[in-house]
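Here are my notes on this one, written for someone opening it for the first time. Keep the viewer beside you as you read.

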Amino acid sequence: MPERDVQITACADGPLLVRGAVQVVGEDGQTIDNPRRTVALCRCGSSAIKPWCDGTHKLIRGVSDPASSTSR
């Protein structure tokens, strides 16, 4: 995958996997340090480390349709 290519994969009942060089910006407009080239973004809204996924979706039995980018 070339350096500037980004791939986003919506996991069924799970996070959005983001691969590539991206800048993550919080709702306050501040850049959030992106620790890796592949990150999992929470869609369920219950992660303790938002915006990153911590696996909580497994405890609450999923999030939503994989085609949806909204959380419950």
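The points below go from the overall fold to single residues.

1. Ground rules. This is a predicted model, where local features need pLDDT of at least 70 and side-chain atom pairs count only at pLDDT 80 or more, while totals for chains, interfaces and linings use all residues. Residues are numbered from 1 along each chain as its sequence is written, and side-chain values use heavy atoms, with hydrogens and water left out.

2. The overall picture. The protein has zero helices and five strands, giving the pattern β-β-β-β-β along the sequence. Here helices (H or I, at least four residues) and strands (E, at least two) are DSSP runs, numbered from the N terminus. Of the 72 residues, 29% count as buried; buried means under 20% relative accessible area, exposed means over 50%, and partly exposed lies in between, with a 1.4 Å probe and protein chains only. The accessible surface is about 5,000 Å², and carbon and sulfur atoms hold 49% of that; areas come from the Shrake-Rupley method with a 1.4 Å probe, and for residues only the protein chains shown count as cover.

3. The sheet. Which strands build the open sheet of three? The order is 1-2-5, with antiparallel pairing; two strands pair if DSSP finds at least two bridges between them. Strand 1 and strand 5 stand at the edges with a single partner strand each, so one side of each is left without a neighbour in the sheet. On average, neighbouring strands of this sheet are turned by 20° against each other, direction ignored; the axes are lines fitted to C-alpha atoms, for helices over the stretch in contact, and angles run from 0 to 180 degrees between N-to-C directions. Four bridges link strand 1 with strand 2, and four bridges also join strand 2 to strand 5.

4. The hairpin turn. Strand 1 (7-10) and strand 2 are separated by the loop that holds aspartate 13, and these two strands form a hairpin with five residues between them. Have a look at the backbone of aspartate 13: its phi is near 55°, a positive value in a residue other than glycine. Most residues other than glycine have a negative phi. Aspartate 13 counts as partly exposed because its relative accessibility is 42%.

5. Leucine 17, between two partners. This residue of strand 2 is the bridge partner of threonine 9, and it stands opposite alanine 40 in strand 5. Leaving aside neighbours within four places in sequence, leucine 17 is in contact with Gln7, Ile8, Thr9, Cys11, Val39 and Ala40, where contact means heavy atoms within 4.5 Å. The C-alpha atoms of leucine 17 and glutamine 7 are 8.0 Å apart, with their positions 10 residues apart in sequence. Is leucine 17 buried or partly exposed? It counts as partly exposed, because its relative accessibility is 21%.

6. Two faces and a core. Strand 2 has a covered face, Leu16 and Val18, and an uncovered one, Leu17 and Arg19. In a regular strand the side chains alternate between the two faces of the sheet. The largest nonpolar core has six residues: Leu16, Val18, Val24, Val39, Leu41 and Trp52. Strand 2 (16-19) and strand 5 (38-41) each supply at least two of them. A nonpolar core is a set of buried Ala, Val, Leu, Ile, Met, Phe, Trp, Tyr and Cys residues joined through side-chain atoms within 4.5 Å.

7. Valine 24 and a cis bond. Not counting residues up to four places away in sequence, valine 24 touches Gln30, Thr31, Ile32, Asn34, Pro51 and Trp52. Proline 51 sits in the segment after strand 5, and the peptide bond leading to it from lysine 50 is cis, with omega near 10°. Most peptide bonds are trans.

8. The cysteines. How many disulfides does the structure hold? Zero, a disulfide being a pair of cysteine sulfur atoms within 2.5 Å. For cysteine 44, the nearest cysteine sulfur is that of cysteine 42, 3.8 Å away. Cysteine 44 counts as buried because its relative accessibility is 7%. The sulfur of cysteine 53 has its closest cysteine sulfur in cysteine 42, at 6.0 Å, too far for a bond.
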